[in-house]
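Morning, everyone. I have one structure to show today, and I'll keep it short. Here it is.

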Amino acid sequence: MALEGGCACGEVRYRLMSAPMFVNCCHCTSCQTETGSAFVVNAMIEADQVALLNGAPEPVVTPSESGKGQTVWRCPSCRVALWSNYAGAGPGVNFVRVGTLDDSAACPPDAHIFTRSKLPWVVLPEGTPAFEIFYDPATQWSETTKARMEAARGRPA
């Protein structure tokens, strides 16, 4: 898998060097506010598997639903959010904004999270797990994802 993506103005371009570990669709109020939308779709991938092709995103620290905050990496010109690092996962895991991929349809959600604050007109697809807050990674992640996450975080998943 070699998916590419970038910001709206084209200053920052990146390539995913492997398939994402897991894809979350988050409906929390922090994601709604930050994106100006009903939810965000994030593909979790090791930071060293995101290759910059052009430009250099800048970090911006913002609040998160967990209360631990996140670092959002944005294009310095158009300010589009490209990925985040959440405190719980650490800097070794990027949460790539699927909407910034050239082919965003290639990364459908594996789970919907924080559905307690899902907007009432959003209809969740049948067959995709949905959680009022968050899920238990031990039951939702594959053994491969657990191993990749443990290696990326430097601690057990």
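Start with the hairpin of strand 1 and strand 2. Six residues sit between the strands, and among them I'd point to glycine 10: its phi is positive, near 90 degrees. Keep in mind that this is a predicted model.

Now the pairing. Strand 1 covers residues 4–6, and its pairing with strand 2 is antiparallel, over three bridges. Glutamate 4 faces a partner in strand 2: arginine 15 stands opposite.

Strand 2 has another neighbour. That is strand 5, residues 50–54, again antiparallel, with four bridges. Here arginine 13 has asparagine 54 of strand 5 as its bridge partner.

So what do the side chains of strand 2 do, along residues 13–16? They alternate. Tyr14 and Leu16 take one face, and they are buried. Arg13 and Arg15 point to the other face, and they are not buried. In general, a regular strand has side chains alternating between the two faces of the sheet.

On to the largest pocket. How much space lies in it? About 490 Å³. Its lining comes to 27 residues. Nearest the centre are Ser66, Tyr86, Phe95, Phe114 and Phe134. Which elements give two or more residues to that lining? Two strands and two helices: strand 3 (22–26), strand 4 (40–46), helix 1 (29–35) and helix 3 (143–153). By residue class, the lining has 16 nonpolar, eight polar and three charged.

That's the tour: a hairpin with glycine 10 at positive phi, strand 2 paired with strand 1 and with strand 5, and a pocket lined by 27 residues. Thanks.

Conventions: Residues numbered from 1 in each chain as written. Predicted model: local features only at pLDDT ≥ 70, side-chain atom pairs only at ≥ 80, totals over all residues. Heavy atoms only, no water. Buried < 20%, exposed > 50% of the residue type's maximum accessible area, 1.4 Å probe, protein only. Pairing = 2+ DSSP bridges. 1 Å grid on protein atoms, 1.4 Å probe; cavity = no way out; pocket = protein on both sides within 12 Å on 5 of 7 lines; lining within 4 Å. Points joined across faces, edges and corners; volume = space filled by probe spheres on them. Nonpolar A, V, L, I, M, F, W, Y, C, P; charged D, E, K, R; others polar.
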